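This report looks at how two helices pack against each other and at how one strand sits among its partners.

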Amino acid sequence: MKNTSNFLVFRIQKTTIILLALSVFFSCKQKKEKANNEVKPNIVFILTDDQRWDALGYAGNKLAYTPEMDKLAKSGVFFKNTIATTPICAASRASIFSGLQERTHNYSFTTGNMKEEYMQNAYPRVLKKAGYYTGLYGKFGVKYKNLDSLYNTYENYDLRYDRKDITSYYYKKLGKDTVHLTRYTGEKGMEFIKNAPTDKPFCLQLSFSAPHASDNTVEQYFWQEENNHVLENTTVPTANISEDIYYNRLPEIVKSGFNRLRWYWRDDTPEKYQHSVKGYYRMIAGIDNEIGKIRKELEKKGVADNTIIVLMGDNGFFLGERQISGKWLMYENSIKVPLIIFDPRNKEHKDVDAMALNIDIPSTILDFAGVDAPKTWHGKSLKPFVDSNNADLKRDTILIEHLWDFKNIAPSEGVRTSDWKYFRYVNDKSIQELYNLKDDPREINNLINDTKYQKVVTKLQNKLEELTKKYKDPYQFNPVNLSVNLKNNLEFNWATSNKTQKQTAYQILVSSSIESINNNIGDVWNSEKVESAANSNIKYEGLKLDKTKTYYWKMRIYDEINRTGSYTTPKKLF
């Protein structure tokens with residue numbers, strides 16, 4: 001009897017366990033099925049070219065005519081401190097697609113195609129694999145051959161830099177009419193929405209070329225006649241901090257570069273300045289018009305209530321401040337961009353002070369889509385700021401950089417916090433600037449030599465070194481086994497770190513002090529970039545050397561797609 005009782009208890013317990021397991025199994029299955037059956041949102045990502053952070057009415061700019069952008073900001077989330085981690089369109093777009101800092105992907109105008117290793121996790125590809133119908137119209141902005149792997153449908157085009165007149169923007173046709181590129185992109189976006197399949201969610205990226213200037217033309221800016229009313233009877237005020245004193249404070253490497261050259265193209269006379277600034281804002285107004293049409297098309301299709309709209313600029317822009325134009329530099333005018341996220345399912349308006357980044361966009365888009373972001377990405381999702389009032393990125397310091405190795409635009413690197421910014425120029429690290437953004441938002445007072453702030457300088461310098469190491473390119477091509485032959489009038493030799501890559505150029509620096517070599521100053525010899533695959537018996541061609549003195553040298557090489565490697569650790573010459 002006792003054995004029978006024990007047997008019955010055992011059977012009951014076993015049955016209970018099985019029933020509990022089945023209950024858990026079916027519960028999980030139902031939750032999974034429910035999640036799979038939930039309607040995923042559509043996403044429209046609008047990327048503008050050279051639109052600085054305050055170039056919209058909502059930011060308090062009286063020159064901007066942007067009623068549609070303002071509506072999105074007022075009913076969505078406006079990020080007041082959004083930073084393009086690299087303020088140039090090619091590298092910024094490469095960062096947006098790949099989710100990586102420029103330090104990592106090292107892509108620029110003069111490199112070859114973006115490396116496949118960095119595009120394997122490009123956000124459109126991840127979305128497409130997850131079941132989204134993906135599309136792009138406008139400026140992709142990155143040399144890459146496999147767009148078919150990213151998009152179900154696309155058309156990649158930009159303003160025509162080979163044209164020297166209005167046809168730089170007017171060369172695309174809608175029917176029989178040649179239209180402005182902004183109008184064309186808007187129409188293609190509307191067609192995409194109209195024709196997108198209804199059995200899956202879509203993600204559309206519209207990359208407007210405007211308000212980028214037509215650099216090869218005299219007029220620089222071309223807008224649609226319908227926007228002539230913008231600033232028509234207005235005299236644009238003189239640019240902020242545009243007096244001589246602010247230009248004179250710039251480093252010589254900036255004064256002699258393209259920032260000043262572009263100012264001569266656009267802003268060096270009152271007539272040019274009025275034309276350029278008005279043209280800039282009229283072109284933004286043209287984009288604004290298309291946003292209104294796109295929103296109406298979403299409503300017409302019946303998907304407006306489930307379509308998230310993200311609007312951002314690819315980099316900032318100087319409109320005559322400091323008597324310069326363009327972008328590229330580490331000042332706020334150049335690195336700050338507008339960012340609006342409008343989710344019609346959550347219309348609680350917020351202004352967010354936290355530092356958002358261009359590399360946050362892919363993580364944010366995937367988060368809205370319910371797709372896990374690749375662990376290789378450097379950004380964070382901004383979706384919590386839409387969903388909650390207590391979001392925190394836990395981000396205190398960010399890396400800002402412009403590393404394009406181009407002699408007419410001085411590369412620079414730095415870090416920014418909510419209150420401070422420190423940066424230096426890569427080719428002469430002794431040129432440094434420090435600003436207290438809280439007390440000096442216009443970045444007028446460079447505190448780098450103020451003894452009261454040397455602890456701040458040291459802290460930010462250390463943070464910069466930490467972040468540059470953290471984001472180092474894992475596929476970087478470097479010289480190894482460096483040696484110097486002293487017998488034949490001084491010759492340099494090295495090998496390369498990877499036999500599957502090809503050296504296309506090299507640069508050697510020789511300095512008279514450890515301070516100079518650490519600051520990348522070749523005061524004894526700077527070979528500059530030498531396009532050559534040679535790596536042995538490279539003759540020294542610098543100043544006459546005194547063998548009783550100590551000299552230091554280091555070098556870097558360029559890979560098969562012309563990406564710049566890092567400098568080697570300094571070595572004594574003798």
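In this predicted model, helix α2 (residues 67-75) packs against helix α11 (residues 270-301) at an angle of about 60 degrees, and their axes lie 7 Å apart. An angle under 65 degrees that is not under 35 degrees counts as oblique, and α2 is therefore oblique to α11. On the α2 side, the contact is made by P67, E68, M69, K71 and L72, while α11 contributes I284, I287, D288, I291, G292 and R295. Sorted by class, the contact of α2 with α11 comprises 6 nonpolar, 1 polar and 4 charged residues.

The second element is strand β20 (residues 505-511), in which 7 of the 7 residues are buried, so that the strand is largely enclosed by the rest of the structure. In a regular strand, side chains alternate between the two faces of the sheet. Both faces of β20 are covered, with A505, Q507, L509 and S511 buried on one side and Y506, I508 and V510 buried on the other.

The pairing of β20 with two other strands is set out below.

| Partner of β20 | Bridges | Direction |
|---|---|---|
| β23 (residues 552-558) | 7 bridges | antiparallel |
| β21 (residues 525-526) | 2 bridges | antiparallel |

Individual residues illustrate both pairings: Y506 of β20 has I557 as its bridge partner in β23, and V510 stands opposite W525 in β21. Y506 and V510 are also buried on one and the same side of β20, together with I508.

Conventions: Residues are numbered from 1 along each chain as its sequence is written. This is a predicted model: local features need pLDDT of at least 70, side-chain atom pairs count only at pLDDT 80 or more; totals for chains, interfaces and linings use all residues. Side-chain values use heavy atoms; hydrogens and water are left out. Axes are lines fitted to C-alpha atoms, for helices over the stretch in contact, and angles run from 0 to 180 degrees between N-to-C directions. Helices (H or I, at least four residues) and strands (E, at least two) are DSSP runs, numbered from the N terminus. Angles under 35 degrees count as roughly parallel, over 145 as roughly antiparallel, 65 to 115 as roughly perpendicular and the rest as oblique. Contact means heavy atoms within 4.5 Å. Ala, Val, Leu, Ile, Met, Phe, Trp, Tyr, Cys and Pro count as nonpolar, Asp, Glu, Lys and Arg as charged, and the others, Gly among them, as polar. Buried means under 20% relative accessible area, exposed over 50%, partly exposed in between (1.4 Å probe, protein chains only). Two strands pair if DSSP finds at least two bridges between them.
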